[in-house]
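Open the model in your viewer and keep the sequence panel visible. The stops below say what to select and what to look for at each one.

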Amino acid sequence: MDYLRVIWTVARKDLLIEMRTRERIAAMGAFVVLVGVLFNYSIDTAIVRPQEIAPGIIWMTIILGGLLGIGRTFHLEEEDGAFSGVLQTPIPLDALYLGKTAANLVILSLVTVLIFLVFGVFFGLSFGSHPFVLLAVVFHALLGFVGLTTLFSAMSARTTMGESLLPVLVFPLLVPMVIFGVSATSRLFAGRPLSEVAGSVRMLGAFAILSVGAGAMLFRHVVEE
Amino acid sequence: MPENRLQRTGIALAALGTLGAVLLLWMVFFWVPTERTLGIAQRIFYVHVPSAWIAFFAFGIVALCSGVYLWLRDERLDMAALAAAEGGMVFCTIMLLTGPLWARVSWGTWWTWEPRLVLTLLLWFVYFSYFLVRNATENPDQGKRFAAVVGIVGVLDIPLIHVSVTWMRSLHPQPVVLRPDGLSLDPDMFITLMVGLATATMLFLGLFLMRYTVECLKREVDQRRTGSRAAQGA
């Protein structure tokens, strides 16, 4: 129970800071709305129906917006040298990682809700008749995404290249999330049978388990001094 | 010094690999029959496929050495991972160059979103990330740890990426060697492919051993330089 308490304490601390400063969520929120505007002008609606490519646009916006915010996970603590203080505490480092991942998952989930709402309004989307399945798809994909990006965010914060390194590290590994996320979402939007979505949900689940598991095991090697 | 033995072995393997490459070229241009449906362009198969196998084999070595390095912190494992990564990147690049050449002739396009090509391109970028993080830190030991983490996460994710991209429809020729119902390759073609694989393996191992030796010597020089600076300071 102490382990879970540590995870909760770390997550709560990050979420409290975010609630008070609204630094990341404001930037991510503004970013996703503006990206929606730009995507509208990047599509020739005489040739392509936005509804047909909406799932792809949505997932790319989630990835780009997510990188923007999650890339700064360790920024505040690194700036003031506070992270060294965190490392001196006797908490398990994998619990620290899971706490940070949980906080990032909450933040990115809020931004994802905004993305679906905004794109639904901008492009007149229908989200299908299986909202809980859509929720499962999004949850698994986001969990895998934050698992990987939290780990690599800790790494990039400690390099001379900083946040500019994060997309190079993470993008090759996000291909399963994009493929299965877009596939499942487009089938749900199109009202296809759930049997066509089940495989994608399983693969996204495997992606999430792999990402978070690898992150928890390897985080200590990234942050040790 | 053990490095001398490794270096000599590396040079010998590289020399054998070079001879093998000459033999392979002769076999490809003059001996092996032309494939009935894919035509003369198919002969690039004997360079393309062995390069692919070595690229993935090398990455496996990178991941294994990286994992054990994080556990034991033995510098030799880090050096082995680095040497394997450099060799693997060479063969990965060869595969990425020969693939589009074959695609251009066979399918009329330089690039298709064909699963194996995409997987190789992503693998190349994982290798690229490995070198990028390694050199992007002020503390070299930190760079080694970061590179090891990239190697391990890469190898865990590569099978998932493979399933993902293969799940989509593929233009790529279907497997003819590693098939559940056995080999479907002409015997002469199989022999040529095996010569290609042996050549690529010897070249990779030769490069690996030579690079490992160079890295050993480099670190020894760095250590002596640090030691003499400390002595002068004292």
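Start with helix 3 of chain B, residues 75–107, in this predicted model. Its 33 residues should span 48 Å at 1.5 Å a residue, and the end C-alpha atoms lie 47 Å apart, so the length agrees with the expected one. Move on to the residue that follows this helix, B:Gly108, where phi is positive, near 75°.

**Chain B as a whole**

Now select all of chain B. What does its secondary structure come to? Chain B has six helices and zero strands, and from the N terminus the order reads α-α-α-α-α-α. Along the principal axes, its C-alpha atoms fill a box of roughly 75 × 40 × 30 Å.

Color chain B by pLDDT. The chain averages 87, with 91% of the residues scoring at least 70. Among its elements, helix 2 (residues 45–72) has the highest mean, 94, and helix 5 the lowest, 86.

**Where chain B meets chain A**

Keep helix 5 of chain B selected, residues 140–167, and add helix 4 of chain B, residues 115–134; each supplies at least two residues of the side that touches chain A. Which helix gives the most to that side? Helix 5 of chain B does, with 13 residues. By class, this side of chain B has 16 nonpolar, four polar and three charged residues. Show both partners: the contact takes 23 residues from chain B and 21 residues from chain A. For the complex, the predictor gives an ipTM of 0.89 and a pTM of 0.88.

**Chain A**

Switch to chain A and keep the pLDDT coloring. Its mean is 92, and 100% of its residues reach 70 or more. Of the elements of chain A, helix 4 (residues 75–79) has the lowest mean pLDDT, 77, while helix 7 (residues 131–156) has the highest, 96.

Next, select helix 3 of chain A, residues 50–70. Its 21 residues reach 28 Å from the first C-alpha to the last, close to the 30 Å expected at 1.5 Å a residue. Center the view on A:Gly56, where this helix has a kink of about 30°.

**Helix 3 against helix 6 in chain A**

Add helix 6 of chain A, residues 93–123. The axes of helix 3 and helix 6 of chain A come within 10 Å and cross at roughly 150°, and the crossing is right-handed. On the helix 3 side, display the contact residues, including A:Ala54, A:Ile58, A:Ile62, A:Gly65 and A:Gly69. On the helix 6 side, pick out A:Leu108, A:Val111, A:Ile115 and A:Phe119, which are among the contact residues there. How many charged residues does this contact have? It has no charged residues, with 13 nonpolar and seven polar ones making up the contact between helix 3 and helix 6 of chain A.

Note on methods. Residues are numbered from 1 along each chain as its sequence is written. Chains are lettered from A and ligands numbered from 1 in the order in which they are written. This is a predicted model: local features need pLDDT of at least 70, side-chain atom pairs count only at pLDDT 80 or more; totals for chains, interfaces and linings use all residues. Two residues are in contact if their C-beta atoms, placed from the backbone, lie within 7 Å. Helices (H or I, at least four residues) and strands (E, at least two) are DSSP runs, numbered from the N terminus. Ala, Val, Leu, Ile, Met, Phe, Trp, Tyr, Cys and Pro count as nonpolar, Asp, Glu, Lys and Arg as charged, and the others, Gly among them, as polar. The expected span of a helix is 1.5 Å times one less than its number of residues. The bend at a residue is the angle between axes fitted to the seven residues ending there and the seven starting there. pLDDT is the predictor's confidence in each residue, from 0 to 100. Axes are lines fitted to C-alpha atoms, for helices over the stretch in contact, and angles run from 0 to 180 degrees between N-to-C directions. A crossing is left-handed if the near helix is turned anticlockwise from the far one by less than a right angle, and right-handed if clockwise.
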